[in-house]
Amino acid sequence: MAASGVQRGLEDVVALESRICFIDGKLGRLLYRGYDIRDLAAHATFEEVAYLLWYGHLPTVAQLAELRHRLASLRALPPDLARELDALPATAEPMDVLRTAVSGLAIFEPAETTPGPSSIGGALRLTAALPTILGSFHRRRNHLPPVEARPKLSHAAYLGYALLNREPSELETRAVDVALILHADHELNASTFAARVTASTLSDLYSAVTSAIGTLKGPLHGGANERVMEMLDEIDTVDRVETVIREKLARHERIMGFGHRVYKVEDPRATILREWARKVGEAKGNLRYYQLLQKVVEVVELGHREKGLYPNLDLYSGSVYSLMGVPHDLFTPVFAASRVVGWTAHVLEEYEDLRLIRPSAAYVGPTDLAYVPLAQRT
Ligand code: COA
């Protein structure tokens, strides 16, 4: 807490009521609409979880089939937008492309942008289109064939196909499905808060998601998994883990993939994804990342137990994507392709019971200064 009494970073400040997501940071528990993330990751599909987050209850067979059908039918981009996106430099950062594309969709499909319950149409549209946006950009910069809509593929399989230029295996598809489920929502994280602040001004859902994408981009939020992979490349071999981590900690560097504002124990999503990092590693005959990560955890946890530095979700997601062949700069965009469901569920909830989010600041600057005319200033 700052001297002014302000809770810096709004830590532990309860900003609003929500029915979407519950986190117990002390017990390491995460619920979506009352359902434990461990049950959802074990049994549900991403489409089921998206339905749950948007509508507040699990879908029936018919409701799920209808959602799948709608998402699959909304994958293609408006041709004018596709042309605009093709004009972006191939060297652009994928998160910047995503932010621009979401903004662009609002211009090319203005009917979806009225704030209110009809914004669910925009939520479906964005969720369906994000893999296409990412795949189109990634394929263009690598001179690969364009993405086809492939309506028979599940959302996870379509995302995999769009990014890999091949249909993912069953195991890979399930790994992506689980990763999407785990990333779909996380209460008032920074990007969701940004989305809700934007929506609370009665701005449209596309603007709210654009704000959220800009917020997710930062390495303290969505960019951490990319940095984890850079760290593993730097460490290179298990016998170097201890030295490299200790050096980083001595330099007061943050170890990416560790620590969390809310969890004071291991992030339950990290526990689930660790298993998938192992499974995918075994299937690929490459357990290098898994072994490196196990050793990193051992060193960080032992050295920093008093600070509560435990693995978070980002520690493992990058290794799963890397093993599948997804390039590092697409990790955060893949996070966005999942979190878009949470962002939009929160935006819809904000529209239901809208109150402008406008906190106050404790002013700690000077007062009563005498104005000095420009010519007299030195
Ligand atoms: N590596 C090393 N030290 C860390 C750390 C990390 N990943 N995360 C926190 N700490 C240390 C801080 O340096 C601080 O130490 P100090 O008290 O000696 O100054 C202490 O733990 C508390 O950190 P603080 O910055 O107050 O925690 P926070 O709640 O603001 O931070 C994160 C939360 C997520 C921003 C932070 O843990 C972090 O930067 N993690 C790495 C990035 C990451 O993995 N992000 C993904 C989150 S899902």
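Which residues of helix 7 are buried? They are H155, A156, A157, Y158, L159, G160, Y161, A162, L163 and L164, where buried means under 20% relative accessible area, exposed means over 50% and partly exposed lies in between (1.4 Å probe, protein chains only). Keep in mind that this is a predicted model, in which local features need pLDDT of at least 70, side-chain atom pairs count only at pLDDT 80 or more, and totals for chains, interfaces and linings use all residues. Residues are numbered from 1 along each chain as its sequence is written, and side-chain values use heavy atoms, with hydrogens and water left out.

**Overall build**

- The chain's secondary structure adds up to 16 helices and 3 strands; these are DSSP runs numbered from the N terminus, with helices being H or I of at least four residues and strands being E of at least two.
- The radius of gyration is 22 Å, which agrees with the value near 21 Å that a compact globule of 378 residues would have. That radius is taken over C-alpha atoms, and the globule rule is 2.2 Å times the number of residues to the power 0.38.
- Along its principal axes, the C-alpha trace spans about 70 × 55 × 45 Å.
- Of the 378 residues in the chain, 51% are buried.
- Take the contacts (heavy atoms within 4.5 Å) between residues at least 6 apart in sequence: 75% of them join residues at least 24 apart.

**Surface and charge**

- About 17,900 Å² of the chain is exposed, and carbon and sulfur atoms supply 53% of that. The areas come from the Shrake-Rupley method with a 1.4 Å probe, and for residues only the protein chains shown count as cover.
- There are 42 positive and 47 negative charges, and their mean positions sit 1 Å apart. Lys and Arg count as positive and Asp and Glu as negative, while His and the chain ends are not counted; each charge is placed at NZ of Lys, CZ of Arg, CG of Asp or CD of Glu.

**Helix 7 and what follows**

- Helix 7 runs over 155-164, and 10 of its 10 residues are buried.
- The cover over those buried residues includes helix 2 (46-55), helix 6, helix 8 (170-183), helix 15 (314-324) and helix 16 (331-352).
- Right after helix 7 comes N165, with a positive phi near 65°.
- E170 belongs to helix 8 and is exposed, at 74% relative accessible area.
- E170 and A157 are 13 residues apart in sequence, with 8.6 Å between their C-alpha atoms.

**E109, a buried acid in a loop**

- E109 sits in the loop between helix 5 (94-108) and helix 6 (120-141).
- Its relative accessibility is 18%, so E109 counts as buried.
- The E109 side chain makes a polar contact with the side chain of R125 at 2.8 Å. A polar contact here is a pair of N or O atoms within 3.5 Å; within protein, one must be able to donate a hydrogen and the other to accept it, and residues adjacent in sequence count only if both atoms are side-chain atoms.
- Leaving out residues up to four places away in sequence, E109 touches P78, R125 and Y206.

**Two histidines with positive phi**

- H143 has a positive phi of about 55° although it is not a glycine.
- H143 lies in the loop between helix 6 and helix 7 and, at 74% relative accessibility, counts as exposed.
- H252 has a positive phi too, near 60°, and is not a glycine either.
- H252 is placed in the loop between helix 12 (241-250) and helix 13 (268-284), and its relative accessible area of 73% makes H252 exposed.
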